[in-house]
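Subject: Structure handover

Hello,

Here is the structure I said I would pass on. Please open it alongside this message. My notes follow below.

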Amino acid sequence: MKPLTAETSERDRAGRPVDPTILNRMEIDLKALDHNFRLVRKIVGPGVRIHPSVKSGAYGLAISDVAQRFAALGAEAISCGSYEDARTVRDAGLTDTDVVVFGTILPSGIPAYLDLNLIPTVHNMELAEAVSSCTTRPARVYVKVDAGLGRLGFPIRTAEAAILKIARMPNVVVEGIYTHLPFSDADGARWAQERTALFDALIDRLRRGGLSVPVTQARSSPGVIFGINDSCNSVAPGGALYGKPPLANDLADFSAFRPVLSAIRSRLIHISPDAADRTPGMFGRYAHRVTGATGVIPFGRKDGNDAARSGHTSFAIVKGVKAPVLAVSSEQSVLDLSNVPDPKLGDDVTILGRDGELEVTLPDLARWRETGMNDVLLMMSGRMPQVIRQ
Ligand SMILES: *Cc1c(COP(=O)(O)O)cnc(C)c1O
């Protein structure tokens, strides 16, 4: 992707040089990441390790910068979703940081993970055997237990025997045991608390049997924010650290957290001032009903944009004023500029973030599209330059 450069005399409202060939950009606020990390530190209390998740390329938000920041903030390890993420973290200069990889591993891939000094997750016996057979030095692993989600891991019913077997394998060091119990509502919270108790009991049985595992972990963002009780000494939040609310407002107060994705902006590339020129054609179908000007931004489906589902009206912000989104096509979107005073080519358009008194949030975009916040983020991931605010 083309780096952001400053080759022209054009300036934005803050006086910063603007490259006229880069029209869409995502602003990432690392101070918000600092703030959220410290909040989580306060919530989990002293003595509990934080292993932030940077999976899916830090949820589409500048994984290299984010991982460096987490390390600088004192994260005890970084949790990655894939080899690719882990490699990016190593390439970002985090050569000594403990990096745990959640999954996406085949036994035949294990040597590559160990070569990068990554800590692979062992979620089946084949993976444990691969670690044991491909190394002549002790290699650390995390064992994943399926405490009820029904995805990766040793089923909790038989996990004790499996873990004891792995711990006896030559050159395999069981450094951590973890489970994943995501939820989003009150029923889910009850389920997660119940399953966490079973996980705690498993750790306790292992300990009493003589196997003390240094790192135990069961809480991701919803567990941390809701306050699931566990006896573990580590948490692995992702979304919450990026300021993405993990739960409905009535279940937990998330208002102290700040969005790390602080803005998505585009610029007006075309203005069609006269309603008389519009017919009810394919895109005019929406626009011909507009009495004032319409405008076009080069932010379409290819950039991860999507139209609101029926019953919702989405809007962008132009000059501090609501500009309803009329249509989203592959390359562009059409906006209703009726209420925007004197719109000009090149004007900034805020798709997410604040402009004047108005704000569009990630939950707004997800609600309008009737989809999840992760879907909104991942649709845009890697599709536009990122402006990193330190
Ligand atoms: C994704 C994931 C997390 C982080 O989840 P968030 O909801 O983003 O906090 C933690 N642990 C595991 C195993 C995961 O897969």
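How many of the 8 residues of strand 17 (residues 348–355) are buried? The count is 7, so to speak of strand 17 as mostly covered is fair under the cut-off used, where buried means under 20% relative accessible area. Please keep in mind that this is a predicted model.

Strand 17 and its partners

Strand 17 pairs with several other strands. Here they are in turn.

- Strand 11 (residues 261–267) runs antiparallel to strand 17, with 4 bridges between them. Look for isoleucine 264, whose bridge partner in strand 17 is leucine 352.
- Strand 14 (residues 315–318) is also antiparallel to strand 17, and 2 bridges join the pair. Here isoleucine 317 has threonine 350 of strand 17 as its bridge partner.
- Strand 18 (residues 358–360) pairs with strand 17 over 3 bridges, again in the antiparallel sense. Arginine 354 is matched by glutamate 359 in strand 18.

Strands 17 and 18 also make a hairpin, with 2 residues between them. Check the turn: glycine 356 has a positive phi of about 65° there.

The nonpolar core

Nonpolar side chains tend to be buried together in soluble globular proteins. In this model, the largest nonpolar core holds 107 residues. Val54, Phe70 and Tyr242 touch the most other members. Helix 1 (residues 30–44) gives the largest share of this core, 7 residues. Where does the core sit relative to the domains? It lies between domain 1 (47–242) and domain 2 (261–389), because both give residues to it.

The largest pocket

Next, the largest pocket. Its volume is about 840 Å³. The lining has 35 residues. Those nearest the centre of the pocket are Lys55, Tyr59, His180, Pro182 and Asn374.

Which elements each supply at least two residues of the lining? They include helix 2 (55–60) and strand 9 (215–219). Helix 9 (221–226) and helix 12 (373–380) do so too.

By type, the lining divides into 14 nonpolar, 15 polar and 6 charged residues. Domain 1 and domain 2 both contribute to the lining, so the pocket lies between them.

Where to start

I suggest viewing strand 17 with strands 11, 14 and 18, its antiparallel partners. Then turn to the pocket and find Lys55 and Asn374, which are among the residues nearest its centre. Finish with the core, at Val54, Phe70 and Tyr242.

Best wishes

Definitions and conventions: Residues numbered from 1 in each chain as written. Predicted model: local features only at pLDDT ≥ 70, side-chain atom pairs only at ≥ 80, totals over all residues. Heavy atoms only, no water. 1 Å grid on protein atoms, 1.4 Å probe; cavity = no way out; pocket = protein on both sides within 12 Å on 5 of 7 lines; lining within 4 Å. Points joined across faces, edges and corners; volume = space filled by probe spheres on them. Nonpolar A, V, L, I, M, F, W, Y, C, P; charged D, E, K, R; others polar. Domains from an automatic or database assignment. Buried < 20%, exposed > 50% of the residue type's maximum accessible area, 1.4 Å probe, protein only. Pairing = 2+ DSSP bridges. Core = buried A, V, L, I, M, F, W, Y, C linked by side-chain atoms within 4.5 Å.
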